[in-house]
Protein chains: 2
Amino acid sequence: MIESRPAHAGMPVADVDTPALALDMPAFTRNLERMQAELAGSGVALRAHGKAHKCPDIAKRQIAMGAVGVCCQKVSEAEVFVDAGIDSVLVTNEIVAAAKLARLAGLARRADIMVLCDDASVVPLLGESARAAGTALKVLVEVEVGGKRCGIAPGEEAARLASLIERESGLSFAGLQAYCGSAQHKPDYAERRDMMARVVEAVKTTLSALGEAGLTRAYVTGGGTGSYPFERDSGVFTEVQAGSYAFLDTDYARILDEDGAPLQTFEQSLFILSTVISRPTKNRAVLDAGHKAHSMDSGLAGIAEPPGGQVTGQSDEHMVVALDEGTPGFAIGNQVRLIPGHVDPTFNLHDWLVCIRGDAVEDVWPIAARGPGL
Amino acid sequence: MIESRPAHAGMPVADVDTPALALDMPAFTRNLERMQAELAGSGVALRAHGKAHKCPDIAKRQIAMGAVGVCCQKVSEAEVFVDAGIDSVLVTNEIVAAAKLARLAGLARRADIMVLCDDASVVPLLGESARAAGTALKVLVEVEVGGKRCGIAPGEEAARLASLIERESGLSFAGLQAYCGSAQHKPDYAERRDMMARVVEAVKTTLSALGEAGLTRAYVTGGGTGSYPFERDSGVFTEVQAGSYAFLDTDYARILDEDGAPLQTFEQSLFILSTVISRPTKNRAVLDAGHKAHSMDSGLAGIAEPPGGQVTGQSDEHMVVALDEGTPGFAIGNQVRLIPGHVDPTFNLHDWLVCIRGDAVEDVWPIAARGPGL
């Protein structure tokens with residue numbers, strides 16, 4: 001259920017047991033500094049997305065660097081973060097099951113807790129759980145802004161739901177969630193800009209409907225690593241929910257700026273350490289990391305080092321690498337440093353994060369909220 | 001790191017906390033019986049693949065039903081199975097790191113352990129670990145039979161490697177592994193048959209080369225749920241390594257028989273229990289299970305019940321379902337039973353397996369070897 005630690009502080013990175021998830025500490029720290037610099041003076045806060053890493057040690061560093069708190073997707077994640085002493089947690093998801101709502105309301109006795117709602121039928125359940133726990137729950141209305149997942153229609157429908165929440169004993173209407181997942185992963189700048197223009201328009205329509213209903217609220221949260229400059233400069237968002245900015249992956253590496261060049265703001269800090277276990281031919285190496293160490297929902301992993309190889313396939317426990325003619329560095333037993341295709345589900349496969357600095361292991365952190373998420 | 005149990009024995013299935021992995025016990029038991037019936041009288045044994053489920057409770061039932069032991073891919077999995085009292089474990093993978101080899105050789109003091117080798121450079125490392133542990137390791141030569149992953153070329157090259165192993169103090173050459181992963185997932189019968197004919201040919205060539213080298217060994221292992229009838233009837237395989245047969249998934253459901261009809265030997269026993277958390281439109285429902293509860297490397301999940309919906313997308317924590325006009329059963333809070341796209345990496349996401357019988361939870365088993373696998 002919990003695997004042994006693949007490393008201990010002070011050991012050489014070359015000796016880490018593989019497959020293991022590794023964080024380059026200098027790159028990670030620079031990423032945290034850069035996001036705070038990106039938002040400085042904008043009046044827009046960072047709420048770090050804890051669902052990306054599920055690791056309280058990381059969340060604490062994000063908050064120390066200026067984040068106002070964390071967000072996450074699951075009650076079980078919120079519990080881990082509150083237990084670790086984080087006092088402001090937004091669950092960016094609809095919670096509807098009675099047992100989960102009871103746990104969430106319980107957490108609100110120990111920390112500042114917010115949750116989303118997109119349906120009138122859930123309002124009495126939310127109210128009941130808050131009243132039963134003798135606490136107050138802050139509820140955001142989630143507005144559908146183009147992601148075609150959860151969320152109520154913007155404008156009057158959203159305002160009617162906000163009124164219902166505000167009238168429900170035990171609840172307070174706290175603001176809006178407007179997150180467009182698809183805008184995070186659009187490589188083309190113009191597509192991203194146009195998509196985000198529609199998001200901002202939907203938020204403005206909803207704020208206006210809220211104003212007419214006497215429910216003026218300033219708090220508007222959303223966005224992520226792929227879109228945050230648009231939320232920051234929108235004039236309506238007060239908070240962005242970036243998570244991947246601290247790590248990056250091959251999917252974010254495909255995102256381009258206005259001139260069609262790859263974005264340079266953040267750098268790759270997250271890697272999978274793997275080992276060559278087979279060299280059946282001159283042009284093929286096989287690594288000890290597959291679906292159970294790397295999530296390929298956004299594509300295959302990249303290779304950070306050594307150079308000269310390209311991942312061509314992944315199965316449950318193996319990764320197949322095609323090698324350029326005469327490439328050294330892929331002998332049996334050699335360590336290969338992979339770039340994950342997608343941060344969040346890859347973190348979720350690992351129990352431990354190996355923090356590295358140069359050639360040495362600096363620390364090993366538990367990915368304490370790992371799991372399907374109850 | 002370990003999530004709370006999503007259920008307890010005796011509770012209604014409808015009350016299981018979601019997302020959760022569930023095993024229909026009657027269907028699971030029938031699958032175990034059917035595989036033993038399929039092999040009965042053939043002289044070919046079943047070695048149940050523990051990498052599919054990573055769960056000792058399941059492995060014990062497979063052995064009680066007639067399996068000769070388990071196989072798995074990782075030393076960490078072998079440790080969990082040996083700790084659970086299973087006394088015959090084949091690691092169907094190349095193990096090359098010194099620390100892992102030391103653990104593997106240590107296990108050989110407590111159980112019958114076998115491991116693969118496909119490269120002469122690893123033979124001294126295997127020997128050293130066995131001698132250091134004061135034990136003997138049984139080593140199989142892995143032959144490349146079309147899967148283009150690990151494995152040495154069949155015939156004389158394989159026989160030379162077998163000789164090296166046999167001469168190395170602390171090791172004994174025990175037989176051949178000939179596994180063709182791609183043959184497991186070919187829907188078309190004729191393609192599967194032709195691929196397996198090449199596998200059997202490669203095994204025969206190698207057995208002949210071994211005979212010439214004075215290394216006659218009867219033990220030939222390989223195959224899986226998609227190909228086992230070919231190994232069983234080959235005249236050269238002595239063992240099949242099926243794992244998914246006990247559970248099935250949408251990928252295996254695509255496999256066809258000689259007449260182009262779906263295979264009927266086994267039935268779906270593994271499900272993901274999820275909950276509707278949002279109903280933004282009449283035609284869209286959103287479930288609380290995404291990449292962290294279901295691995296979509298082999299495609300999206302199917303829906304076992306209720307009828308009338310089709311999964312159209314999956315993100316980290318959500319699944320989007322398109323609903324037929326007027327479909328009931330997808331109200332907020334309702335439970336939806338999903339069919340996984342791929343057994344092995346989906347098991348790996350969960351800490352607990354909820355055993356169900358009819359409408360009640362019968363037991364909850366730990367997926368004790370879950371993890372990237374050290």
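Here are some worked exercises on the predicted model shown above.

## Exercise 1: Two copies, one axis

**Task.** By what turn and what shift can chain A be laid on chain B?

**Solution.**
- Step 1. Look at the movement: a turn of 180° with a shift of 0.0 Å along the axis lays chain A on chain B.
- Step 2. Check the fit, which has an RMSD of 0.0 Å.
- Step 3. Name the relation: a turn and shift of this kind belong to a two-fold axis.
- Step 4. Ask what this looks like at the contact: 100% of the contact residues of chain A recur in chain B, and the same surface serves both copies.

## Exercise 2: The surface between the chains

**Task.** How many residues of chain A are in contact with chain B, and which elements give two or more residues to that side of chain A?

**Solution.**
- Step 1. Start with the counts: 58 residues of chain A are in contact with 58 residues of chain B.
- Step 2. Find the elements: two or more residues each come from strand E4 (88-94), strand E10 (270-281) and helix H10 (343-347) of chain A.
- Step 3. Look for the largest share, which is the five residues from E10(A).
- Step 4. Sort by character: the side of chain A that touches chain B has 23 nonpolar, 18 polar and 17 charged residues.

## Exercise 3: Following a sheet from edge to edge

**Task.** In what order do the nine strands of the open sheet in chain B lie, and which are the edge strands?

**Solution.**
- Step 1. Recall how a sheet is held together: strands pair through backbone hydrogen bonds, either parallel or antiparallel.
- Step 2. Read the order in chain B: E2-E10-E9-E8-E7-E6-E5-E4-E3, with parallel pairing.
- Step 3. Pick out the edges: strand E2 (45-46) and strand E3 (48-49) of chain B each pair on one side only.
- Step 4. Zoom in on one pair: E3(B) runs parallel to strand E4 (residues 70-72) of chain B, and two bridges join them. One of the residues to find here is Ala48(B), whose bridge partner in E4(B) is Val70(B).

## Exercise 4: A strand and its crossover in chain A

**Task.** Is strand E2 (residues 45-49) of chain A largely enclosed or largely open, and which helix lies on the path from E2(A) to E3(A)?

**Solution.**
- Step 1. Count the buried residues: four of the five in E2(A) are buried, so the strand is largely enclosed by the rest of the structure.
- Step 2. Find one partner: E2(A) pairs in the parallel sense with strand E9 (residues 239-240) of chain A, over two bridges. Within this pair, Ala45(A) has Glu239(A) as its bridge partner.
- Step 3. Find another partner: strand E3 (residues 69-72) of chain A runs parallel to E2(A) and is joined to it by three bridges. Here Ala48(A) has Val70(A) as its bridge partner.
- Step 4. Trace the chain: the path from E2(A) to E3(A) goes through helix H2 (residues 56-64) of chain A, and this β-α-β crossover is right-handed.

## Exercise 5: The buried side of a helix

**Task.** Which residues of helix H2 (residues 56-64) of chain B are buried, and what covers them?

**Solution.**
- Step 1. List the buried residues: Pro56(B), Ile58(B), Ala59(B) and Gln62(B).
- Step 2. Look down the axis: these residues cover an arc of only 155°, so they sit on the same side of H2(B).
- Step 3. See what covers them: the cover includes helix H1 (25-39), E3, E4 and helix H3 (75-83) of chain B.
- Step 4. Move past the helix: H2(B) is followed by Gly66(B), which has a positive phi near 130°.

## Exercise 6: Backbone details worth spotting

**Task.** Where does Lys54(B) lie, and what is its phi? What is the form of the peptide bond from Thr18(B) to Pro19(B)?

**Solution.**
- Step 1. Locate Lys54(B) in the loop between E3 and H2 of chain B.
- Step 2. Read its phi: near 55°, a positive value in a residue other than glycine.
- Step 3. Check burial: a residue is buried if 20 or more other C-beta atoms lie within 10 Å. Lys54(B) has 29, so it is buried.
- Step 4. Compare Leu248(B), which is not a glycine either and has a positive phi of about 65°. Leu248(B) is buried as well, with 23 other C-beta atoms within 10 Å.
- Step 5. Turn to the peptide bond: from Thr18(B) to Pro19(B) it is cis, with omega near 0°. Pro19(B) lies in the segment before strand E1 (20-24) of chain B.

Methods:
Residues numbered from 1 in each chain as written. Chains lettered and ligands numbered in written order. Predicted model: local features only at pLDDT ≥ 70, side-chain atom pairs only at ≥ 80, totals over all residues. Pairing = 2+ DSSP bridges. Contact = placed C-beta atoms within 7 Å. Nonpolar A, V, L, I, M, F, W, Y, C, P; charged D, E, K, R; others polar. Least-squares fit on C-alpha atoms with pLDDT ≥ 70 in both. Buried ≥ 20, exposed ≤ 12 C-beta atoms within 10 Å, placed from the backbone. Right-handed = clockwise from strand over helix to strand, strands pointing away. Arc of directions from axis to C-beta.
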